[in-house]
Each structure stands twice: as C-alpha cells, then as structure tokens.
Amino acid sequence: FFFLMIRRPPRSTQSRSSAASDVYKRQVSTQSTWGKICKDHKVFLHTDAAQAFGKIPVNVNEMNIDLMSISSHKIYGPKGIGALYVRRRPKVKIVPLINGGGQERGLRSGTLAPSLVVGFGEACEIAEREMEADSAYIKKLYERLLNGIQAVSYTHLTLPTIYSVQISVVAVSLKKK
C-alpha cells in the first residue's frame, strides 16, 4: 500500500491503494475502516482502484470513498484512458492541472477519443459480467500456488500473503585446468 497525506486546511486528503497488484484479495473491510476514519476526521479519501476495479466489488458508499481512480488497461480495455470518480456530497472540490475548455465541469480541456471511451465502457461491462467467475478462478489458482509453496521444505510464512522460500545451496568446486 502507499499513503499520501495532503494537508490543505480545513480539509486533508488521504490516498491509498485498494488492492495489491500481486494478489487479488478482498480488502473491503480494511478500505471501509480507513473510509470511516477519514470521514470521522473530515478527511477526503482517495483510493487508487486500478488493481481492484473489475476484480472485486467496489462500493464507494460502503467504503466511504470520496475520490477513486480507475484505469482501462487493467481490465483489458484500451490504454490511454481512465476515470476519476468524484463524490458530489459532501462536495469534493478539485482544481484542474491545465486550464482551458469547459469539458467535465471545467476539470479538463479537450475532447476524448470516442473509440477509447467506447472501449473502456465495453471493458467495464465485460469485467462486471465476468467478475464472479474470474474471482473464483483466481482464488483456485492462488490456493494451488499456496499449497505448492507449503509443500516445499524450508517454507516460512512472513505475512498473511507472503511466503519466504529458502532453497538449500549445493557447494560445487571447479578444478582449474
């Protein structure tokens, strides 16, 4: 996970990742806990949901997410397009990096490529439709990997999802000719 605190009185923003990129594991309760803490302290919560979106259910209301970034290519959509969810109540005011144009309520200028928008939308529909089956398949692969690692001698669990494997080294000596 990464954390980024931006101090801007009277509000702050906390940013965190929704899921690790190596293992798709449900982290809804953790995200909800962080969301509640942020809400109680009047801090906006931004989550980078690029790895979680389309793989685990993401509910911005249950998780108290105020801002959420998602990326198309992480769900097998076209590269070069993503989305930013911005909560309307309480109003989250964000300032554009580049001024000009009135698109997207003044947050960005320019016109999006229709093919990227359509491709992203289709990828979202497919990801939602296949999320349950993909999740079951990934869980099956994860358990198979975990069982295989546990079967190896000198395996040690360091964190809930991280194993350390020690491999015995065979000493080899080479004779110089």
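How many disulfides does a search of the whole structure find? The search finds 0 disulfides in this predicted model. The legends below describe selected close-up views.

**View A. Two cysteines, Cys38 and Cys124, in their surroundings.** Cys38 has a relative accessibility of 5% and therefore counts as buried, the limit for that class being under 20%. Cys124, with a relative accessibility of 23%, counts as partly exposed. Cys124 is also one of the residues in contact with Ile75.

**View B. The largest nonpolar core of the structure.** This core consists of 14 residues. Ile65, Met68, Ile70, Ile75 and Phe120 are the residues with the most contacts inside it. Strands S3 and S4, together with helix H3 (114-151), are the elements that each give two or more residues to the core. Helix H3 provides the largest share, namely 3 residues.

**View C. The contacts of Ile75.** Ile75 is among the core residues with the most contacts inside the core. When neighbours within four places in sequence are left aside, Ile75 is in contact with Phe53, Gly54 and Lys55, and also with Phe120, Ala123, Cys124 and Ala127. Of these partners, Phe120 is itself listed among the core residues with the most contacts.

**View D. Pro57 in the loop between strands S3 and S4.** The loop that holds Pro57 lies between strand S3 (43-48) and strand S4 (67-71). Pro57 counts as partly exposed because its relative accessibility is 40%, a value in between the limits of 20% and 50%. Along the chain, Pro57 and Glu132 are 75 residues apart, and a distance of 9.3 Å separates their C-alpha atoms.

How values were computed: Residues are numbered from 1 along each chain as its sequence is written. This is a predicted model: local features need pLDDT of at least 70, side-chain atom pairs count only at pLDDT 80 or more; totals for chains, interfaces and linings use all residues. Side-chain values use heavy atoms; hydrogens and water are left out. Helices (H or I, at least four residues) and strands (E, at least two) are DSSP runs, numbered from the N terminus. Buried means under 20% relative accessible area, exposed over 50%, partly exposed in between (1.4 Å probe, protein chains only). A disulfide is a pair of cysteine sulfur atoms within 2.5 Å. A nonpolar core is a set of buried Ala, Val, Leu, Ile, Met, Phe, Trp, Tyr and Cys residues joined through side-chain atoms within 4.5 Å. Contact means heavy atoms within 4.5 Å.
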